[in-house]
Amino acid sequence: MIVKTRLPKLRERFEFVLTDECYDDLTIDTAVALLRHFISTGNTIYYSDLAKKMTIPIESINLNDPLGRISNACKENGLPLLSAVVINKENDMPGDGFYGYFFPQAKEEEWLEIYVKEFKKVSEYKHWDKVLEAFEGKR
């Protein structure tokens, strides 16, 4: 005799946990500006344009540290590296720091392939709104 049981429908639950390095105002401001942009457009953004969207004045050259902290938090939460959507105007790819920190063994000729894969992962992830909520809750 086969007994069928009803399993309760599981509700998707997601909580993004900020790493300790993400609690400074600059990282939070960077994350909120970046996430709002990406959620609304689904597109890349230049470093200089991201800097303009922030409430804390910053030169685009100084975004590498907060972007690294944001992607590190994403990695710790099992998510794609969000900073892959922030690119240079010169080559339409993330800066050297992105590859040096997250892909230190990669050769420069592999960077384009890495970028395409990482951007695809970011684009396919559908819960960036929950990550935004986590960062906005720390303002």
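**Entry 1. Helix α3**

I began with the buried residues of α3 in this predicted model, and found them to be Pro 66, Leu 67, Ile 70, Ser 71, Asn 72, Ala 73 and Cys 74. I then looked up what covers these residues, and the cover includes α1, α2, β2, α4 and α6. For the geometry of the helix, I noted that α3 has 13 residues and reaches 18 Å from its first C-alpha to its last, close to the 18 Å expected at 1.5 Å a residue. Just after α3, I found Gly 78 with a positive phi of about 75°.

**Entry 2. Two polar residues of α3**

I next took up Ser 71, which has its place in helix α3. Is Ser 71 buried or exposed? I recorded a relative accessibility of 0%, so Ser 71 counts as buried. With its neighbours within four places in sequence left aside, Ser 71 is in contact with Leu 81, Leu 82, Ser 83 and Phe 102.

I turned to Asn 72, also placed in helix α3. Its relative accessible area is 14%, and because the cut-off for buried is under 20%, Asn 72 is buried. Leaving aside neighbours within four places in sequence, I listed Glu 21, Tyr 101 and Phe 102 as the contacts of Asn 72. Phe 102 thus appears in the contact list of Ser 71 and in that of Asn 72.

**Entry 3. The largest pocket**

I looked up the largest pocket and noted a volume of about 360 Å³. Its lining consists of 17 residues, and those nearest its centre are Tyr 47, Leu 63, Asn 64, Gly 97 and Phe 98. Which elements each supply at least two residues of the lining? I found that α3 and α4 do. The element that gives the most to this lining is α3, with 5 residues.

**Entry 4. The nonpolar core**

I went on to the largest nonpolar core, which has 42 residues. Within this core, the residues with the most contacts are Phe 16, Leu 50, Trp 128 and Phe 135. At least two residues of the core come from each of α1 (25–41), α2 (47–53), α3 (64–76), β2 (86–87), α4 (96–102), α5 (111–124) and α6 (128–136). The most is given by α1, with 7 residues.

I singled out Leu 50 and asked which residues it touches, not counting those up to four places away in sequence. I listed Thr 30, Ala 33, Leu 34, Ile 45, Leu 63, Leu 67 and Val 86. Of these, I had already met Leu 67 among the buried residues of α3, and Leu 63 among the residues nearest the centre of the largest pocket.

**Entry 5. Helix α1**

I examined α1 in its own right. It has 17 residues and reaches 24 Å from its first C-alpha to its last, close to the 24 Å expected at 1.5 Å a residue. The buried residues of α1 are Thr 27, Ile 28, Asp 29, Thr 30, Ala 31, Val 32, Ala 33, Leu 34, Leu 35, His 37 and Phe 38. I noted that their cover includes β1 (45–46), α2, α3, β2, α5 and α6.

I then checked the two ends. At the N-terminal end, Asp 24 caps α1, with a side-chain oxygen 3.3 Å from the backbone nitrogen of Leu 26. Just after α1, Gly 42 takes a positive phi of about 70°.

**Entry 6. Asp 92 and Gly 137**

I looked up Asp 92, which lies in the loop between β2 and α4. Its phi is near 55°, a positive value in a residue other than glycine. I set beside this that most residues other than glycine have a negative phi. Asp 92 has 38% relative accessibility and so counts as partly exposed.

I found Gly 137 in the segment after α6. At 57% relative accessibility, Gly 137 counts as exposed. How far apart are Gly 137 and Ile 28 in sequence and in space? I recorded 109 residues in sequence and 9.5 Å in space, C-alpha to C-alpha.

**Entry 7. The whole chain**

I closed with the overall tally. The protein has 6 helices and 2 strands, and from the N terminus on its elements run α-β-α-α-β-α-α-α. Of its 139 residues, 40% count as buried. Among contacts with a separation of 6 or more, I noted that 67% are accounted for by residues 24 or more positions apart.

Definitions and conventions: Residues are numbered from 1 along each chain as its sequence is written. This is a predicted model: local features need pLDDT of at least 70, side-chain atom pairs count only at pLDDT 80 or more; totals for chains, interfaces and linings use all residues. Side-chain values use heavy atoms; hydrogens and water are left out. A nonpolar core is a set of buried Ala, Val, Leu, Ile, Met, Phe, Trp, Tyr and Cys residues joined through side-chain atoms within 4.5 Å. Buried means under 20% relative accessible area, exposed over 50%, partly exposed in between (1.4 Å probe, protein chains only). Helices (H or I, at least four residues) and strands (E, at least two) are DSSP runs, numbered from the N terminus. Contact means heavy atoms within 4.5 Å. The expected span of a helix is 1.5 Å times one less than its number of residues. A polar contact is a pair of N or O atoms within 3.5 Å; within protein, one must be able to donate a hydrogen and the other to accept it, and residues adjacent in sequence count only if both atoms are side-chain atoms. On a 1 Å grid over the protein atoms alone, a cavity is a set of points where a 1.4 Å probe fits but cannot get out, and a pocket is an open set with protein on both sides within 12 Å along at least five of seven lines; lining residues have an atom within 4 Å of a point. Grid points are joined across faces, edges and corners, and a volume is the space filled by probe spheres set on the points.
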